[in-house]
Amino acid sequence: MKRFFCIIIAAIALTACDNDRKACPKPVEEFITNLYDNYVFNYGELDSIAVNFSPAVLDRLRKAYADEYCEGNPAYAVWLFRTSQNGSDEQSIDSIKVAGKDRYTVYLTDGGTPCICRMHIVLKAGKPVLLDFSTRY
């Protein structure tokens, strides 16, 4: 009987460890890397990847920009994906981890400050779509 329980506990432990080993799907990893490299850390026009954002996320980014600055041409508060530290070029994605079904955690350094951004991204027809995100540092 002890052996049976040991086998069950070992199986549960292996299953839990297996979740940590799941690789981030390539389209999701490429989307996140592109987002940070070309739009968050280097301010490019977000319109070119806006198709990868849900309408709710786009509205949130537009509203945050308008609240901070002013109404006008559509613009997006991409700083919500980072700490908004200024004065340092030390900005990088340290790792991207699978945090559950369609959930990913981006570990990054922004202006020397460690930060995490949790993202809910689904694949629709093989294309990543960001449904929600939260940043903590």
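**Exercise 1. Packing of helix 2**

Find out which strands the buried residues of helix 2 pack against in this predicted model, and how those residues are arranged around the helix axis.

*Solution.* Start with the partners: the buried residues of helix 2 pack against strand 1, strand 2, strand 3 and strand 4. Next, list the residues themselves. Val28, Phe31, Ile32, Leu35, Tyr36, Tyr39 and Val40 are buried in helix 2. Now look down the axis of helix 2: the buried residues fall within an arc of 120°, so they line one face of the helix. The general rule helps here: an α-helix has 3.6 residues a turn, so residues three or four places apart point the same way.

**Exercise 2. The span of helix 2**

Work out what end-to-end span helix 2 should have, and set it beside the model.

*Solution.* Helix 2 has 15 residues. The expected span is 1.5 Å times one less than the number of residues, so for helix 2 this gives 21 Å. In the model, the end C-alpha atoms of helix 2 are 20 Å apart, which agrees with the expected value.

**Exercise 3. Strand 2 and its neighbours**

Describe how strand 2 pairs with strand 1 and with strand 3, and say whether strand 2 is largely enclosed or open.

*Solution.* Take strand 1 first. Strand 1 and strand 2 are antiparallel and share eight bridges, and Gly100 is placed opposite Arg103 of strand 2. Turn to the other neighbour: strand 2 and strand 3 also run antiparallel and are joined by eight bridges. Here Thr105 has Arg118 of strand 3 as its bridge partner. Finally, check burial. Six of the eight residues of strand 2 are buried, so this strand is largely enclosed by the rest of the structure.

**Exercise 4. Positive phi in the loops**

Locate Asp102, Ala125 and Gly111, and state the phi of each residue.

*Solution.* Begin with Asp102, which lies in the loop between strand 1 (91-100) and strand 2 (103-110). The hairpin of these strands has two residues between them. Asp102 is not a glycine, yet it has a positive phi of about 60°. With a relative accessible area of 24%, Asp102 is partly exposed.

Continue with Ala125, in the loop between strand 3 (113-124) and strand 4 (127-136). Ala125 is not a glycine either, and its phi is positive at about 55°. Since exposed means over 50% relative accessible area, Ala125 is exposed at 84%.

That leaves Gly111. In the hairpin of strand 2 and strand 3, with two residues between the strands, Gly111 takes a positive phi near 60°.

**Exercise 5. Aromatic pairs**

How many aromatic pairs does the structure hold? Characterise the pair of Phe53 and Phe81, then follow the ring cluster to Phe133.

*Solution.* The structure holds eight aromatic pairs. One of them is formed by Phe53 and Phe81, with 6.3 Å centre to centre and 65° between the planes. Planes over 60 degrees apart count as edge-to-face, so this pair is edge-to-face. Phe53 lies in the loop between helix 2 (26-40) and helix 3 (55-68), and Phe81 in the loop between helix 3 and strand 1, so the pair ties together parts that are 28 residues apart in sequence. Both rings belong to buried residues: Phe53 has a relative accessibility of 4%, and Phe81 has 0%.

Now widen the view. Ring pairs link Phe31, Tyr36, Phe41, Phe53, Phe81 and Phe133 into a cluster. At Phe133, the charged end of Arg60 sits over the ring, 4.0 Å from its centre.

Conventions
Residues numbered from 1 in each chain as written. Predicted model: local features only at pLDDT ≥ 70, side-chain atom pairs only at ≥ 80, totals over all residues. Heavy atoms only, no water. Helix = DSSP H or I, 4+ residues; strand = E, 2+ residues; numbered from the N terminus. Buried < 20%, exposed > 50% of the residue type's maximum accessible area, 1.4 Å probe, protein only. Phe/Tyr/Trp six-rings, centres within 6.5 Å; stacked < 30°, edge-to-face > 60°. Lys NZ or Arg CZ within 6 Å of the ring centre and 35° of its normal. Arc of directions from axis to C-beta. Contact = heavy atoms within 4.5 Å. Pairing = 2+ DSSP bridges.
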